[in-house]
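Keep the model open beside the sequence as you read. The tour below goes from buried residues to aromatic rings, then to a helix and the empty spaces.

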Amino acid sequence: MANPRKIIIDTDPGQDDAAAIMLALGSPEEIDLLGVTTVAGNVPLSRTQTNARIVCEFSGRTDVKVFAGCDRPLKRPPVTAEYVHGPTGLDGPELFEPTMPLQAVNGVDFIIDTLRTHEAGTVTLCTLGPMTNVATAFQRAPDIVARVKEVVMMGGAYFEVGNITPSAEFNIYVDPEAASIVLKSGAPVTMMPLDLTHKVLTLKARVEKIRALGNRAGVALAEMLDFFERFDVEKYGSDGGPLHDPTVIAYLIKPEIFSGRHCNVEIELDSELTVGMTVIDWWRVTKREKNAMVMKDIDAQAFFDLLTERVGRL
């Protein structure tokens with residue numbers, strides 16, 4: 001690929017977020033990572049901004065710019081997921097205080113400035129957590145929406161329904177208003193829902209291949225996945241947990257291993273039972289405008305081969 005895709009990763013690390021960041025950093029031919037913005041989600045912002053820098057240091061990339069963004073959802077109290085990710089959000093390997101600096105600029109301002117200074121239609125926003133930072137940027141600077149090449153998001157579900165409530169996926173549930181703003185913005189959206197991510201399981205043999213890379217990033221990621229999968233194995237009875245967030249980055253590198261459908265997606269904001277639900281018109285039974293490419297199938301082995309190879313380069 002002559003010109004690597006310029007991206008901002010917006011994230012709340014999270015072991016699977018760590019895998020996504022590593023995949024991006026190991027793919028310089030396809031991915032030009034302009035910066036990492038962090039948001040409150042899996043763990044509070046104080047932890048996510050630390051974790052993003054830890055992942056960059058595990059990867060030997062202290063040059064990456066990391067920014068702290070929003071510390072709470074737009075309208076709701078924060079919800080976190082230490083019960084999945086551990087108290088640090090990156091439980092598994094031995095962690096440390098990062099030495100690389102946190103950038104002084106706020107993450108939301110970085111998103112706005114980057115979209116304004118780069119040529120329109122060249123910057124992709126990759127959201128791996130609640131979409132508070134991106135929604136805030138869109139609200140604060142409506143002119144940037146038309147400049148976005150694509151928003152590629154991990155979030156939502158249709159056939160798999162919910163993983164934090166019976167009807168809602170975690171990233172959307174934490175800040176449904178933010179997700180609704182982004183989906184209604186008119187920016188091109190590609191969505192990686194649970195329907196897709198539940199097909200990429202951290203089977204023991206796959207994790208052992210990553211561990212066998214022997215480099216610092218590979219060993220750290222394998223130790224994270226050892227911890228991370230325990231919750232899902234117990235919950236779903238599967239051989240390994242789903243590896244959600246790196247599907248966003250894999251899609252930018254190898255779109256041919258994905259398939260899905262262009263649909264209308266609306267976010268439920270009011271219902272007591274289904275707040276945060278992604279109501280996906282998969283069967284196109286309404287006349288509502290299609291606003292997202294919803295991915296449903298993936299070649300799981302090709303995905304893990306890609307992830308393993310790229311982490312091996314770090």
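A residue counts as buried when its relative accessible area is under 20%, as exposed when that area is over 50%, and as partly exposed in between. The model shown here is predicted. Start with F303, which has a relative accessible area of 0% and is therefore buried. Its partner is the next stop.

The structure holds seven aromatic pairs. One of them is stacked: F67 and F110 lie 4.0 Å apart, centre to centre, with 15 degrees between the planes. F67 belongs to strand β3 (residues 66-68) and F110 to helix α4 (residues 107-117), so this pair ties together parts that are 43 residues apart in sequence. Are these two rings buried or exposed? F67 is at 3% relative accessibility and so counts as buried. F110 is at 11%, so F110 is buried too. Now return to F303. F303 and F304 form an aromatic pair that is edge-to-face, with 5.1 Å between centres and 85 degrees between the planes. F304 has 2% relative accessibility and therefore also counts as buried.

Aromatic residues gather elsewhere as well. Y158, F159, W282 and W283 make up one aromatic cluster. A charge joins one member of this group. The charged end of K296 sits over the ring of F159, 4.8 Å from the ring centre.

Go back to F67 and F110 and look for a shared neighbour. T37 touches both F67 and F110. T37 is placed in strand β2 (residues 31-38). Its relative accessibility is 0%, so T37 counts as buried. Leaving out residues up to four places away in sequence, the contacts of T37 also include I8, I9, D10 and T11. G107, I111 and N133 are touched by T37 too.

Compare a residue in another strand. H262 is found in β7 (residues 258-263). How does H262 stand for accessibility? Its relative accessible area is 37%, so H262 is partly exposed. Beyond residues up to four places away in sequence, H262 touches R284, K290, N291, A292 and M293. For a sense of scale, take H262 together with G35. The two are 227 residues apart along the chain, and their C-alpha atoms are separated by 29 Å.

Next comes a helix, α7 (residues 176-183). Seven of its eight residues are buried, so α7 is largely enclosed by the rest of the structure. Which residues of α7 are buried? They are P176, E177, A178, A179, S180, V182 and L183. What do these buried residues pack against? Among helices, they pack against α5 (132-140) and α6. Among strands, they pack against β5 (148-154), β6 (189-192), β8 (265-267) and β10 (292-298).

L183 leads on to an open space. The largest pocket holds about 160 Å³ of space. It is lined by 15 residues, and L183, G186, E289, K290 and N291 are the closest to its centre. Two of these names have come up before: K290 and N291 are also in contact with H262. By class, the pocket lining has six nonpolar, five polar and four charged residues.

The last stop is an enclosed space. A search of the whole structure finds one cavity of 30 Å³ or more. Its volume is about 260 Å³. The lining numbers 24 residues, and V84, H85, N163, F170 and H244 lie nearest the centre of the cavity. Which helix gives the largest share of this lining? That is α10, with five residues. At least two residues each come from α1 (15-25), α3 (82-85), α6 (170-174) and α10 (216-236). The cavity lining divides into 11 nonpolar, six polar and seven charged residues.

One residue of α1 deserves a closer look. Q15 lies in this helix. Its relative accessible area is 0%, so Q15 is buried. Setting aside neighbours within four places in sequence, Q15 is in contact with H85, G89, L90 and D91, among others. Further contacts of Q15 are L221, M224, F227 and F228. H85 is thus a link back to the cavity, as one of the residues that lie nearest its centre.

How values were computed
Residues are numbered from 1 along each chain as its sequence is written. This is a predicted model: local features need pLDDT of at least 70, side-chain atom pairs count only at pLDDT 80 or more; totals for chains, interfaces and linings use all residues. Side-chain values use heavy atoms; hydrogens and water are left out. On a 1 Å grid over the protein atoms alone, a cavity is a set of points where a 1.4 Å probe fits but cannot get out, and a pocket is an open set with protein on both sides within 12 Å along at least five of seven lines; lining residues have an atom within 4 Å of a point. Grid points are joined across faces, edges and corners, and a volume is the space filled by probe spheres set on the points. Helices (H or I, at least four residues) and strands (E, at least two) are DSSP runs, numbered from the N terminus. Ala, Val, Leu, Ile, Met, Phe, Trp, Tyr, Cys and Pro count as nonpolar, Asp, Glu, Lys and Arg as charged, and the others, Gly among them, as polar. Buried means under 20% relative accessible area, exposed over 50%, partly exposed in between (1.4 Å probe, protein chains only). Contact means heavy atoms within 4.5 Å. Rings of Phe, Tyr and Trp (its six-membered ring) pair if their centres lie within 6.5 Å; planes under 30 degrees apart count as stacked, over 60 as edge-to-face and the rest as tilted. A charge sits over a ring if NZ of Lys or CZ of Arg is within 6 Å of the ring centre and within 35 degrees of the ring normal.
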